[in-house]
Amino acid sequence: MIQHIHDFAYLDAAKFYPELSVREKVAFYVVFGGSPYIIENLNTELSLRENIERLLLPETGLIHSHIENVMLKEIQKTFDARILEIIGNGKKRYIEIGDRLTTRENGLLDKQLKILQDMETNCIEKTE
């Protein structure tokens, strides 16, 4: 079972680091937000700057990677929505869907159609 945990509001997020001053709590929240995943990985024994340098700035940093994954998922959702919109307008064949997308997006089409089919979105014809 998958449980979706939403971001915490400031007052709830601040409870995770009671040892910080109000000013520091606000600064941490402004920079890192209320994501439980991110809050769990903050080290309040380090300064805000040190947490940024450790988690956010390096390309391999935990939060840097997390942000990239979140952005990619949002892009994927938009792409899925465009595909479903095209299908909703009566275009169900692969070539018809591909023609409605820009050339730059066509490379993702196979992958996204497979994902949608795996999700039992059975409105896509498999013929080309």
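**Notebook: Asn-51 and the aromatic rings**

I began with helix α2 (residues 22-32), where I found that Phe-28 and Phe-32 are separated by about one helical turn, because they stand four residues apart in that helix. I note here that the model I am reading is a predicted one, and I keep that in mind for each entry below.

**Entry on the aromatic pairs.** How many aromatic pairs does the count come to? I find that the count comes to four aromatic pairs. I looked up Phe-8 and Phe-16, whose ring centres are 5.2 Å apart and whose planes stand at 45°, so I write this pair down as tilted. Phe-8 has a relative accessibility of 24% and therefore counts as partly exposed, and Phe-16, with 48%, also counts as partly exposed. I then turned to the rings of Phe-28 and Phe-32, which have their centres 6.1 Å apart and their planes at 40°, so this pair is tilted too. For accessibility, I noted that both Phe-28 and Phe-32 are buried. I also saw that ring pairs link Phe-28 and Phe-32 with Tyr-17 into a cluster.

**Entry on Asn-51.** Next I looked for Asn-51, and its place is in helix α4 (residues 48-56). Is Asn-51 buried or exposed? Its relative accessibility is 0%, and because buried means under 20%, I record Asn-51 as buried. I then checked the polar partners of its side chain: a polar atom of the Asn-51 side chain lies 2.8 Å from the backbone oxygen of Asn-43, and the side chain of Asn-51 also makes a polar contact with the side chain of Arg-54, at 3.2 Å. When I left aside the neighbours within four places in sequence, I found Asn-51 in contact with Phe-28, Phe-32, Leu-42, Asn-43, Leu-46 and Leu-56.

**Entry on the two helices.** Since Phe-28 and Phe-32 are among the contacts of Asn-51, I looked at how helices α2 and α4 are placed. Their axes come within 10 Å and cross at roughly 20°, and because angles under 35 degrees count as roughly parallel, I describe α2 and α4 as roughly parallel to each other. The crossing in which α2 passes α4 is right-handed. Which residues make the contact between α2 and α4? On the α2 side I listed Ala-27, Phe-28, Val-31 and Phe-32, and on the α4 side Leu-48, Asn-51 and Ile-52.

Methods:
Residues numbered from 1 in each chain as written. Predicted model: local features only at pLDDT ≥ 70, side-chain atom pairs only at ≥ 80, totals over all residues. Heavy atoms only, no water. Buried < 20%, exposed > 50% of the residue type's maximum accessible area, 1.4 Å probe, protein only. Polar contact = N/O pair within 3.5 Å; in protein donor to acceptor, adjacent residues only side chain to side chain. Contact = heavy atoms within 4.5 Å. Phe/Tyr/Trp six-rings, centres within 6.5 Å; stacked < 30°, edge-to-face > 60°. Axes fitted to C-alpha atoms, helices over the stretch in contact; angles between N-to-C directions. Parallel < 35°, antiparallel > 145°, perpendicular 65-115°, else oblique. Left-handed = near helix turned anticlockwise from the far one by under 90°.
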